[in-house]
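Reader: Could you take me through the aromatic and nonpolar packing here, with the cut-offs stated as we go?

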Amino acid sequence: MNISTVRHCVGCMACADRCPKSCIHICEDVLGHRYPTVNAALCIDCGVCLKVCPAENPPLLHEAQKVVAAWRTDEKLRTLSSSGGIASALAEEMIVHGGTVYGCAFVPPFSFRHIRSTTKEDLNALRGSKYVQSDTNGIYHQIHDDLKNGREVLFIGTPCQAAAVRNYFHEHENLFVIDLVCHGVPSQRLLRESLPKNFMSLRADHVFFRASTKYHFWAQRGISTVFSRPLSRDLYMKGFFTALYFRESCYSCQFARTARVGDLTLGDFWGVDLSEIPAEESNGISLCMINTEAGAELLHRISKNIKQFERPIAEAVAGNRPLTHSMSITFRSRLFRWLYPKLGFHWSVVCSIPEVILKNWLLGFMKRNNTQNI
């Protein structure tokens, strides 16, 4: 048996990095999601690909020891990040003390991949949420070298990516893992096709999906904004919010539960009881689930730079469905998969969620009409 027998592949690509014969290659399905394929002529049936596979061999999960609502006290740095900026604070702390950080970055001309960061400047590319699947192929060798050289490593990724890292390195004393509250991942191809044909010519070096808690996709070259797309005109994010084109494994995610794979779990603290939080601090709050002693140590390292309030786990669950359920596959998502090869991205989204598109058009029309009447 080899990785080609695994159902519900999560796309972590740990198998490709681990294969001793380098006989595992990457192919794409109809929606652009990436899957491993095995060259049977080279495969020696050693089974190591299955050992690191989180779909085939899920690692030990941990129930949260404590849940807090948290945010950075430095307002400027906080606004540069999503929600409360806790991930950035942890990453900076790791870098300052000689460690390395692995997280998702936009890499020009157009790809999203996990990169190795060793300086504060490197971390700029990791800031902000990215609603697309990151390519992690190749990072496992880099993490291995860092751990072998005695460096602390902080890995930040989706729960399935975090699970792959756990399987690859087990409970290494210098490895700290953060898993993110994840709804599901679209492919990079779909995001690219949602953008104008001239997007590549804009030579963007940074892209953003949101500013603090406001969703808004824009791209920059240097300090200049070269492309901007508000949520009202963003078909890609409309499809994301309706779970239209996630990876197949996302619709039956085994990590959508309160027991977590990471030392820490981070996300937006939707539904937090604001009555117990100062009003001036309520703009962007991180959900932080402390799942292991290593996670508690991580958070303690930045305790002087953050504010935190302990909250009940029930409050976290109430505002974050991915902590208990994966997103459901629906007629709409099946319709999109059928239409996409025939109609392309734009019209497949419009035909799959017509009432969402119509609602946004009507709201936009009324807003423009009201503006003209003022």
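Author: A charge is said to sit over a ring if NZ of Lys or CZ of Arg is within 6 Å of the ring centre and within 35 degrees of the ring normal. This is a predicted model, in which local features need pLDDT of at least 70 and side-chain atom pairs count only at pLDDT 80 or more, while totals for chains, interfaces and linings use all residues. Residues are numbered from 1 along each chain as its sequence is written, and side-chain values use heavy atoms, with hydrogens and water left out.

Reader: At what distance from the ring centre does arginine 210 lie over the face of tyrosine 215?
Author: Arginine 229 lies over the face of phenylalanine 217, at 5.2 Å from the ring centre. For arginine 210 over the face of tyrosine 215, the distance from the ring centre is 5.3 Å.

Reader: What is the angle between the planes of tyrosine 215 and phenylalanine 241?
Author: A search of the whole structure finds 24 aromatic pairs, where rings of Phe, Tyr and Trp (its six-membered ring) pair if their centres lie within 6.5 Å, and planes under 30 degrees apart count as stacked, over 60 as edge-to-face and the rest as tilted. Tyrosine 215 and phenylalanine 241 form one such pair, 5.1 Å centre to centre and edge-to-face, with an angle between the planes of 85°.

Reader: Which elements hold these two rings?
Author: Helices (H or I, at least four residues) and strands (E, at least two) are DSSP runs, numbered from the N terminus. The pair links distant parts of the chain, 26 residues apart, with tyrosine 215 in strand E9 and phenylalanine 241 in helix H8.

Reader: Why does phenylalanine 241 count as partly exposed?
Author: Buried means under 20% relative accessible area, exposed over 50%, and partly exposed in between (1.4 Å probe, protein chains only). Tyrosine 215 is buried because its relative accessible area is 18%, whereas phenylalanine 241 counts as partly exposed because its relative accessibility is 38%.

Reader: Over how many bridges do E9 and E10 pair?
Author: Two strands pair if DSSP finds at least two bridges between them. E9 and E10 form a hairpin with two residues between them, and histidine 216 stands opposite proline 230 in E10. The strands run in the antiparallel sense, and the number of bridges is six.

Reader: Which element gives the largest share of the largest nonpolar core?
Author: A nonpolar core is a set of buried Ala, Val, Leu, Ile, Met, Phe, Trp, Tyr and Cys residues joined through side-chain atoms within 4.5 Å. The largest has 38 residues, and Phe112 and Tyr236 are among those with the most contacts inside it. The largest share of this core, five residues, comes from H11.
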